[in-house]
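Here is a short tour of how some helices sit together in one protein model. Please have your viewer ready and follow along.

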Amino acid sequence: LENEEKKAGAAFPVSYENRLEAKTAIKRELYGLLSARTGKTLPWGTLTGIRPTKIALSRLDQGVPEEEIREFMEKTYLTSREKIDLSLEIAEREKELLSHIDYENGYSLYVGIPFCPTTCLYCSFTSYPIGAWEKKMDQYLAALFKELDYVAETMKGRTLDTVYFGGGTPTALKAEELDAILTRIGERFDLSSVKEFTVEAGRPDSITEDKLKTLRAHGISRISINPQTLEDHVLRAIGRKHAAGDIRAANDLARSVGFDCINMDLIAGLPQDSCEGFRRSLEGVLEMEPENVTIHTLALKKGSTLMERGGSLPSGAEVAEMLDFSREILIRRGYRPYYLYRQKYMSGALENVGWAKPGTENLYNIIMMEELQTVVSVGGGGVTKLVDYAAGRIVRLPNPKYPHDYLTSLKKVLAQKEELIRFYGSELP
């Protein structure tokens with residue numbers, strides 16, 4: 001390997017006694033052999049982690065010049081110049097946006113609602129059809145309230161920076177259930193320093209005027225309405241029970257109620273889609289003028305049923321073309337990329353990118369992806385991440401994914417939250 005490193009002109013010495021450096025060198029060598037055999041290269045080179053921008057951001061924080069970061073990523077991970085430039089652009093924007101966040105003394109709150117109207121075929125997230133739980137929702141809410149109360153008491157005295165209400169689809173709940181949760185949060189937590197409160201409205205078939213008015217009554221102005229596509233035949237292929245017209249109607253309703261920051265997601269690579277279909281979807285989304293647009297690349301997950309039921313998929317080359325088009329048109333329309341992450345088994349080994357009009361970026365997305373601040377999660381499927389910023393360590397505390405397991409394991413969930421006290425020591429009451 002050392003001889004191969006010399007022949008390849010590696011810019012950085014490798015210590016084979018260092019596990020990380022050895023692993024990186026072996027991956028680079030294997031990548032070279034496979035590229036030579038197949039005649040193919042990957043845009044992200046040997047990078048397989050989901051947070052490539054952390055490489056650029058951590059070095060920017062250390063004062064490393066941009067050109068040195070470019071050289072490091074190119075020589076160490078064989079990343080393409082295009083993706084290096086994208087990483088640096090996003091990292092610089094993230095650094096600026098988070099400059100007023102107190103990583104060490106603040107935290108963010110994630111509230112998980114693991115229910116949806118139906119489960120999309122591509123989905124592997126914590127999401128269960130709401131119909132099967134409607135009669136037991138009072139049990140779920142009672143458990144959620146206990147966990148919220150415990151976290152509020154435990155984290156008292158620390159600054160709450162952002163709140164994200166996700167899942168699943170929180171708006172799958174009834175308006176009175178949403179009101180009960182939001183009222184509990186307002187009563188138990190000090191929201192005076194919260195910089196943003198986001199709710200995943202997500203599915204247009206879960207949105208009603210009463211629910212939107214409930215959110216606005218609690219001061220929430222940021223929501224997601226996620227089309228994924230505006231091609232009706234593709235919506236049917238992924239198991240959605242609504243049409244493109246329903247998305248437009250939900251957006252119009254949200255605007256009329258007073259929401260001034262709306263995110264919309266699109267997925268490149270969905271079954272039965274095409275480059276032209278994706279183009280039409282993106283242009284249709286931009287006609288609705290959302291403040292944020294997230295372009296996802298389809299990731300084939302074990303928990304989804306897409307391969308069995310969805311139909312033929314666009315090629316990796318077609319998906320790359322979709323992303324290239326999205327970048328071109330979004331920049332032209334005044335959007336800027338502000339966070340990025342990757343997943344396993346993505347079409348074309350590409351990425352997901354969040355775009356925003358300046359001043360409307362979602363801080364929680366950056367905090368979660370870059371793992372710079374503690375995120376305390378409550379509810380089924382939530383994963384608490386305790387970040388020791390000074391020591392550079394992260395402790396993960398996952399809640400049970402399945403709603404039934406969450407209910408039956410509530411004592412264990414609350415006991416696990418005691419790790420907050422052990423983690424922060426005497427700083428917490």
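The report below looks at three things in turn: one helix, its neighbour, and two helix pairs.

This is a predicted model, in which local features need pLDDT of at least 70 and side-chain atom pairs count only at pLDDT 80 or more, while totals for chains, interfaces and linings use all residues. Residues are numbered from 1 along each chain as its sequence is written, and side-chain values use heavy atoms, leaving out hydrogens and water.

**Helix α4**

Helices here are DSSP runs of H or I with at least four residues, strands are runs of E with at least two, and both are numbered from the N terminus. Let's begin with α4, which covers residues 66-77. The expected span of a helix is 1.5 Å times one less than its number of residues. For the 12 residues of α4 that gives 16 Å, which agrees with its end C-alpha atoms being 16 Å apart.

Which residues of α4 are buried (under 20% relative accessible area with a 1.4 Å probe and protein chains only; exposed is over 50%, partly exposed in between)? They are Ile69, Arg70, Phe72, Met73, Thr76 and Tyr77. Seen down the axis of α4, these buried residues fall within an arc of 165° (taken from the directions from the helix axis to the C-beta atoms), so they line one face of the helix. They pack against α2 (19-38), α3 (53-61) and α5 (81-97), where contact means heavy atoms within 4.5 Å. Just after α4 comes Leu78, with a positive phi of about 60°.

**Helix α3**

In α3, the buried residues are Thr53, Ile55, Ala56, Leu57 and Leu60. Their cover includes α4, α5, β9 (336-341) and α14 (363-370). Gly63 follows α3 and also has a positive phi, near 85°.

**Two helix pairs**

Axes are lines fitted to C-alpha atoms, for helices over the stretch in contact, and angles run from 0 to 180 degrees between N-to-C directions.

| Pair | Angle | Axis distance |
|---|---|---|
| α3 and α5 | about 55° | 8 Å apart |
| α8 (209-217) and α10 (244-257) | roughly 40° | within 10 Å |

Angles under 35 degrees count as roughly parallel, over 145 as roughly antiparallel, 65 to 115 as roughly perpendicular and the rest as oblique. Therefore α3 and α5 are oblique to each other, and so are α8 and α10.

At the first pair, residues of α3 including Ala56 and Leu60 meet residues of α5, among them Leu88 and Ala91. At the second, Glu209, Leu212, Lys213 and Arg216 in α8 meet Leu253, Ala254 and Val257 in α10.
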